[in-house]
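Thank you all for making the time this morning. I would like to go through one model with you, slowly, and please interrupt whenever something is unclear.

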Amino acid sequence: MSLPLFVSRRAVALVPTLLVVSVLTFCLQQLLPGDPALALAGEEHDPAAVAAIRKRYHLDQPLPLQYGIWMGKLLRGDFGESIRSRIPVRELITSKLPVTIELAVCSMAIALAIGLPVGVLAAARPGTPIAGAANLLALSGLSVPHFWLGIMLILLFAVRLGWLPASGFVPPWEDLGRNLATILLPSVVLGTGVAGVMMRHTRGAMREVLGADYVRTARAKSVPEGRVVWKHALRNALIPVITLGAIEFGRLLSGAVLTEQIFAIPGFGKLLVDGVFNRDYAVVQGVVLVSAGLYVFLSFVGDILYFLVNPRLRGSV
Amino acid sequence: MLAGAVVGAFIVVAVGAARVAPFDPVATNFALVRKAPSSLHLLGTDEVGRDVLSRLIWGARASLLAAVIPVTIAVGISIPLGLLSGYAGGWVDDVIMRMTDAMLAIPFLIVAIALAAFLGPSLGNAMIAIGIATLPLFVRLARGTALGIRTEDYIEAARSLGGSPARIAVRHVLPNMLPPLLIQSSLTAAAAIIAEASLSFLGLGQQPPAPSWGSMLNAAQRYLSQAPWMALYPGLTIFVIVVALNVLGDGLRDVLDPRHG
Amino acid sequence: MSWTRLLTLVLALAVAVAGPAAAQTVLRIGLNDDPDALDPTISRAYVGRLVFAAFCDKLFDVTPDLKIVPQLATGYEWASDGRSVTIKLRPGVKFHDGEPLNAEAVRFNIDRHLTMPGSFRKSEIGEIKSVEVVNDLTVRLNLSAPLVPLLAALTDRAGMMISPKAARELGDKFGTHPVCAGPYRFVERVAQGKIVGERFADYWDKGNVHIDRVEFVPITDSTARLASLRSGDLQMIERVSPTDLAQIRADSRLKVVGVPELGYQMIPLNLANGPRGKLLGSDVRVRQAIDLAIDRETLVKTVFNDEYIAGNQWVSPASPYYDARLPVRKRDVARARQLLKEAGQPNLAFTLIVPPERDRQEAALVLQAMLAEAGITMTIQTQENVTMLQNGRKGDFEAYFTFWSGRPDPDGNIFTFVTCNGAQNDSKYCNPEMDALLLKARHVADLAERKKLYDQATEILLRDVPRIHLWHRRVFTGFSGKVQGFTPHPDGIIRLRGLRLS
C-alpha cells in the first residue's frame, strides 16, 4: 500500500471517530442527575433564576436540538462558555492546555529517562537477574496508584523535608525555578507509570532488532558488544518506541485527572473534573473533544511513523 | 509463583475477612481517634477511631469484587460482540469498531466518573461503570483474535464440511479466543482495583462507613501530617496486590502465548 | 552589538521594569474555591463575595455586631407606614471608569437586579415595586409590603453598585470584567486562576486604603493553601478548617482569628413532601426523639476539637436574636426511647443523605453511633451536593445534611425555610401560627419587639422539630503577622479598607 493512500484512508476515519466521541460525551453528561442551573444555584433556591439560566443555555430544549446547537457553534469555532464563570470555553482550553502539555512533556522525559536505559539493559541481557529486576521495576511503575504515590511524595518532600512545594503551579514565564519545582513531583508521579510501559516497548523492540541480520553481521565483524547495542541496535529500535511513545503521550494529555487534583495543577484534568462536578456541559464537551482529538491525532501520527518504518526494517536483509 | 501466592492470599483474606480481622471495621471509638500504630492497633486508627488493619482486611473484599465483577462484565459482553464483529465483518464490524475507537479516545476515568455519578455512588455501580469503561479494550482484543482465526485452515475445513457459522464460532473460534482474553483479564483486574480506588477517592465508589482502600485514602489526605499511617498502609496494600496481579498476567502470557516468550 | 552587551541591556531593562513594581505592596489572599461570574446580579458562590469586597462597594455595610452602617449611601429613613425607604447617597463617588454614582445609577442597578434574566438577587429584594429618583443624591424605594430586612439585603450583593455605562457596553459579559466603585480596580482574571486588582486612585475613602495591589488565588486543596500561607506565598486565607488550626497556631509568624458564623449546619426532615414524608412526618414524638438522642457538645468536641459551637437554634448563641431561655439541651437517651415507644416506633430506621464533604461525613458517623444507642438505625447515603439538593426539592429524602451560610438579618435565616410557601421549605412544614409570627416580624422595626416574635417562633420550632440544628462554625481567617488592621466579621468577608502590610 502506498503512503498517500494509507494516510488518506486513516485521515478519513478520524472524522467519524471524533463525531462519535462528541455524541458519546454529550449523552454521558445528560446521564448525570441535576443540571448546570441547579449546580449553580446550589443552596439558594430561586426558581425564576434557575429557569432563566436554563433558558439561556437551551437546557429546556430537546436533547438532539441541544446537540445540534452545540455542533453548529463548534463549526464556527465557538466552543460555548462556562455556565459557572461565563468565561468562553475556548479561553479556558487555551489557558489550561499548555499547563497539561508541560506536565505531559516533563512526565514523558522522566519516563524515557528511566524506561529507555532499563529496557535496553533488559533486552541486552535476557534471563539474567538484571532483566528480572528491570521487569519488576517496570511493573511497579505500572501498578502503583497515581494518587497514592502523589500523596506519599507530598508527605515526604513537602511536609517532612520541605524541599518542594506541596502543590500549586507557577507558569514558567513568571518564575522558571518555581515552575520546575511545582511540576517536578507530579511529573515523577505520572512519569513512573509511563516508564513501565516505555521500558516494555523498548525491550520488545530491542529484542527484535538484536535478532536481525545486520546485527549478526556487526557481531561477526567483531564490533564491540557495547557499540552494537547502544549505537546500532538502539537507533533502529527507537523508531517503534517513538511511535508507541506518541500514543502514550496522547494518553498523558487526556488523563492526568487525579494527579492534577492532588497537586492543584490548573490543567486539563482539573478543568474536566470540575466541569463534571459542576455539570458545566460546554466545558466538558470542549475538553473531551480536544483531548480525544489530540489522542486520536497522535495515534494517527504514530501509525504513520510505524508504517514508514516497517518496510525499511524488514527490508534490511 | 510468588505472585500467585500473593493473589491467593488476597483472595483468602478477602473471603475470610470476618475471621482474620482483629476488630470490627466500622466500630468507632472516639477516644482513640488517629492513634499511631501500637501493639493494640497494629496499623493505627483512623479519624473516627476505627482500626486501620481491620479496615484493610475488610476492604480487600471490596477490592476483590472490584477486580472480578468488571472483568466478568467486560469479558461477558466482549466475547459475543467480538465474535460478531470479527466474523460478520462489513458494516457491522465498522460500526462496532467506530464506537470502540471513540470510547478508547475518551479518558477512561471520565467515562467511569460519569457512569458512577449517574448510577449513584456505590460499590456496585462503580463496578458496573468500570466494567463498561474497560469494554472497548476487550472488544478490540476479542475481535482481533476472531479475525485472525477466521482465516485459519481448520476453519475453512470445518466450513467446507458443512458446519453452520454459529457452530463453528462456538466450537472452534471461541476456545482460541480465550487465552489472550485471560491474559488481559489479569491485567485488567489490576487496573480495575486501581480504578475502584480512584473512584472511591473521588467519593463515587464504596460508601462510608463500609471500608474500601480508596475511600480510606480519601479520608487520609486531610490528616497527612498528623496521621500518615492512614495513607501509607492502604496505598501500600493496593500496590502489592496490583503488582502481584500484573506479574501473574505476565506469567500467564509466557505460558499461553508463545509469540511473546 | 556583542552578546554580552545585549544581555546586559536586557537585564537592565528587566530590572528597570521590575524595579518600581517591586516597591508595590501586594496582598495575596487564598480562596477555597474558584468564584463564578463576577457580576453582583448573577453571582451565587460565597467566594465571589470575598472578591467583590475588593472591587464593588455596597450601599450599606454591616458591622461585626450586625449594625447597618453607611458605605456608598450615607443614611436611610423609613416612611411611617413602612412601605418605602428614602436613601441618601454619598456625594463625589466615582466608578472605576470615571462615571459618577448618582440616584440614576442606583435606579439602574436595582432595576438590573430585579429584571435581568438569571438574576439571583430578585428573590432577595423582590418586594421593591419601584425606584424613584428624588434628586441627584437621593433615591426612594417603594415596596409592595413593609419589609424591614430589605436594608440587610442592601449590605450584600443586592446593594452593590456597578457602572451603568460598563453594564451597557459589556452586557451579560460584565462578569468577566467588573466595573464598580470599590477600593480596587479590576485588572485581570486568569481562568480558574488568580484575580488581580489595583488600587483605585479616585476611591471615595482612599485615605484608608494602604495596599497597592490585591490578588485572589483560588486553591481548592486545604493542605496546599496552608502550605502557601506558611511559605509566604499567600498572606491571608479564608475559612480555615479546624484541623489546620494547630499548625497555624504553632507557627509564630502566623495568626488566626475566629468569629461565630451567621449560619448553621442542619438536617431538614421530610414532613410532608411526598410519600417519603410519612416516616418522620406523621408523629412529632419521633422527631423529638431523634433530637433528644443527639449529644451536640460531644459531637462538636469529637469532630471539631471544640473549635465550633454546638447549636440548637437557627441563629448562633452569639447572635442578639438567640433565645437564651432555650439553650442546647442535654442528651436524654432514656426519654428518647420512651418517646419512640409511645409513638409506636421503637426500632425507628431512616436514611440520612450526606454529600461527600468531610465535615458532614464525619459528623454523620458520630450521629449514627449516638442514635444507635437509642435504638434508632440511621443509614448514611452519600450523594453529590447537586443531586442531594435536587432530591430535597423533589421530596425524595427522609433527612439530608446541609447548611445555610446565614444572613445579617434574622429573617434571612428562617423565613424561606419554615413558612408554608417558603422557597426552600423542603420539609413542607406548614404552621399558620409560624407564618403569622414571621410575617409580622418583617414589618416591625423595633429590635426588642422583633426579638419577642422570633423567640415565639423558636419555641414552636423546637417543639415541632421540622429540622435539626446541630452546630455553628467559627469562621477562621488565617493571616501572616505582616498583615495589620484586620477586623473579623461573622460573614467571613475580608474587608480591605484599613488593612496594612508591614
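I will take the chains one after another, and then the places where they touch.

Before anything else, please keep in mind that this is a predicted model, and that the values I quote are computed from it.

Let me begin with chain B, which contains 10 helices and 0 strands, so that its pattern, read along the sequence, is simply α-α-α-α-α-α-α-α-α-α. Of its 261 residues, 51% count as buried. If we take the contacts in chain B between residues at least 6 apart in sequence, 67% of them join residues at least 24 apart.

Chain B also meets chain A, and here 34 residues of chain B are in contact with 35 residues of chain A. On the chain B side, the elements that give two or more residues are α4 (90–105), α5 (108–119), α8 (165–201) and α10 (229–256). What is the make-up of that side of chain B, in nonpolar, polar and charged residues? The residues divide into 27 nonpolar, 5 polar and 2 charged.

Turning to chain A, I would like to look at a pair of its helices, α5(A), which covers residues 89–124, and α12(A), which covers residues 268–277. Their axes come within 8 Å and cross at roughly 130°, which makes α5(A) oblique to α12(A). From α5(A) the contact is made by A:Leu92, A:Lys96, A:Leu97 and A:Thr100, and from α12(A) by A:Phe268, A:Gly269 and A:Leu271. Those residues divide into 4 nonpolar, 2 polar and 1 charged.

Chain A touches chain C as well, in a contact that takes 34 residues from chain A and 33 residues from chain C. On the chain A side, α2 (36–41), α3 (47–56) and α5 (89–124) each supply at least two residues, and α3(A) gives the most, with 7 residues. The residues on this side of chain A divide into 18 nonpolar, 7 polar and 9 charged.

Let me stay with α3(A) for a moment, where A:Ala49, A:Val50 and A:Ile53 are buried. Why can we say that the buried residues line one face of the helix? Seen down the axis of α3(A), they fall within an arc of 100°, and therefore they line one face. What they pack against is α2 of chain A together with α4 (122–125) of chain C. Just after α3(A), A:His58 takes a positive phi of about 60°.

That brings me to chain C, and to an open sheet of 7 strands with mixed pairing, in the order β8-β9-β10-β1-β11-β20-β12. At its edges stand β8 (184–189) and β12 (254–260), each with a single partner strand, so one side of each is left without a neighbour in the sheet. Within the sheet, β1 (residues 26–31) and β10 (residues 213–218) of chain C run parallel and are joined by 6 bridges; to give one pair of residues, the bridge partner of C:Arg28 in β10(C) is C:Glu215. As a general reminder, strands of a sheet pair through backbone hydrogen bonds, either parallel or antiparallel.

Finally, helix α8 (residues 242–250) of chain C lies across β12 and β20 (474–480) of chain C, running at about 140° to β12(C). I will stop there, and I am glad to take questions.

How values were computed
Residues numbered from 1 in each chain as written. Chains lettered and ligands numbered in written order. Predicted model: local features only at pLDDT ≥ 70, side-chain atom pairs only at ≥ 80, totals over all residues. Helix = DSSP H or I, 4+ residues; strand = E, 2+ residues; numbered from the N terminus. Buried ≥ 20, exposed ≤ 12 C-beta atoms within 10 Å, placed from the backbone. Contact = placed C-beta atoms within 7 Å. Pairing = 2+ DSSP bridges. Axes fitted to C-alpha atoms, helices over the stretch in contact; angles between N-to-C directions. Nonpolar A, V, L, I, M, F, W, Y, C, P; charged D, E, K, R; others polar. Arc of directions from axis to C-beta. Parallel < 35°, antiparallel > 145°, perpendicular 65-115°, else oblique.
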